[in-house]
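Thanks, everyone. Please put the sequence and the model up on the screen, and I'll talk you through the helix packing, the cores and a few loop residues.

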Amino acid sequence: RTYPLRYLSTVFGLLGKIKEIRPDIIYAETLYSAGFAGALAKKRLKIPLVVRLAGEIYWIKGFLEKRIVKFILRNADNVIALTEHMRKEVLSHYPKTNISVIGEGVDLDMIKKARPKELSKNTVLYLGRFVQMKGPHIILKSFKKIHEAVPDSHLVMAGYGEEESNLRRLANELDLKSITWAGKVDP
C-alpha cells in the first residue's frame, strides 16, 4: 500500500539532504524514493546518478508509477540490476535504459563452512526476511510436497520478520515436522 504524502515527504527530504551535502555522485539503493530524489537532483544539480534495482521493478503497475520509473531510469547514468532476468525485464519496458548486471556477492567458502554436518543432502534453505513480498509462505507450501516425495528432506527457515508467527502457524497447519527455525542469521 502506498502512502502518497509519506512518499513525497521522503523524496523531498532526500532531495533536501542531497542539496545540502552536494555529493560527487548519488548511489540510490532503491528505485522509488531514493531513485526519484536522485533523478530530481540529477536534473537540477547535474550530479551523476547510479540506481540499484531490487525486486520493486516487478511490481510497477499504475500509469503514474510507470511515468516516475521512466523518469528515474532515463535520468540515471547507470542502473544496476541484480540478475540478467531483471535486466531483460527492465529493457522490455524501458529500452533506453543504461543498465548493468552486478549480482549480490556470495562467499561460497563461508557457506560451505557454515553448513551443519547433521543436515541431509536434501536440505532446502530459505534465507531472508519473513515478509509477505518475499513469499516464505510459498516455500512452506512447496516443502510439504517436496517432503512427501523426498521423505529425508529438511527445511531450514533462516531469518526474521513481521510474518514469522503466521509462518509458524502455517507450518503447524501443514503438519511440517522436518523444519528448523534458525532465527536471525548474521552475515
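One term before we start. A crossing is called right-handed if the near helix is turned clockwise from the far one by less than a right angle, and left-handed if it is turned anticlockwise. Also, please keep in mind that this is a predicted model.

Now use that term. Look at helix α6, residues 136–149, and helix α7. Their axes cross at roughly 15° and come within 10 Å. Angles under 35 degrees count as roughly parallel, so α6 and α7 are roughly parallel to each other. The crossing of α6 past α7 is right-handed. Who makes the contact? From α6, we have Pro136, His137, Leu140 and Lys141. From α7, we have Leu167, Leu170 and Ala171. By class, five of the contact residues are nonpolar, one is polar and one is charged.

Next pair. Helix α2 covers residues 33–45, and helix α3 covers residues 63–75. They pack at about 55°, and their axes are 9 Å apart. That angle makes α2 oblique to α3. Here the crossing is left-handed. On the α2 side, the contact residues are Gly35, Phe36, Ala39, Leu40, Lys42 and Lys43. On the α3 side, they are Ile68, Phe71, Ile72 and Asn75. The split is six nonpolar, two polar and two charged.

On to the cores. In soluble globular proteins, nonpolar side chains tend to be buried together. The largest nonpolar core in this model has 31 residues. Which members touch the most others? They are Leu31, Val51, Leu53, Ile57, Val69 and Leu73. At least two core residues come from each of α1 (4–21), β1 (26–28), α2, β2 (49–52), α3, β3 (78–81) and α4 (84–93). The largest share is from α2, with six residues.

Take Val51 as an example. What does Val51 contact, leaving aside neighbours within four places in sequence? The list is Ala28, Thr30, Leu31, Gly35, Ile72, Ala76, Asn78, Val79 and Ile80. There is also a second, separate core, with 12 residues. Leu155, Met157, Leu170 and Leu174 are among them. Leu170 came up earlier, on the α7 side of the contact with α6.

Stay on α7 for a moment. This helix runs over residues 164–173 and holds Arg169. Is Arg169 buried or exposed? Neither, quite: Arg169 is partly exposed, at 46% relative accessible area. Compare its position with Ala81. The two are 88 residues apart in sequence, and their C-alpha atoms are 35 Å apart in space.

Now the loops. Most residues other than glycine have a negative phi. Two residues here go the other way. Lys46 is one, with a positive phi near 60°. Lys46 sits in the loop between α2 and β2. Lys46 is exposed, with a relative accessible area of 66%. Asp175 is another, with a positive phi of about 60°. Find Asp175 in the loop between α7 and β7 (179–183). Its relative accessibility is 44%, so Asp175 counts as partly exposed.

Last stop, Pro95. Where is Pro95? In the loop between α4 and β4 (99–101). Pro95 is exposed, at 62% relative accessible area. Along the chain, Pro95 and Leu73 are 22 residues apart. Their C-alpha atoms are separated by 10.0 Å. Leu73, remember, is one of the core residues that touch the most other members.

That's my tour. Over to you for discussion.

Conventions: Residues are numbered from 1 along each chain as its sequence is written. This is a predicted model: local features need pLDDT of at least 70, side-chain atom pairs count only at pLDDT 80 or more; totals for chains, interfaces and linings use all residues. Side-chain values use heavy atoms; hydrogens and water are left out. Axes are lines fitted to C-alpha atoms, for helices over the stretch in contact, and angles run from 0 to 180 degrees between N-to-C directions. Helices (H or I, at least four residues) and strands (E, at least two) are DSSP runs, numbered from the N terminus. Angles under 35 degrees count as roughly parallel, over 145 as roughly antiparallel, 65 to 115 as roughly perpendicular and the rest as oblique. Contact means heavy atoms within 4.5 Å. Ala, Val, Leu, Ile, Met, Phe, Trp, Tyr, Cys and Pro count as nonpolar, Asp, Glu, Lys and Arg as charged, and the others, Gly among them, as polar. A nonpolar core is a set of buried Ala, Val, Leu, Ile, Met, Phe, Trp, Tyr and Cys residues joined through side-chain atoms within 4.5 Å. Buried means under 20% relative accessible area, exposed over 50%, partly exposed in between (1.4 Å probe, protein chains only).
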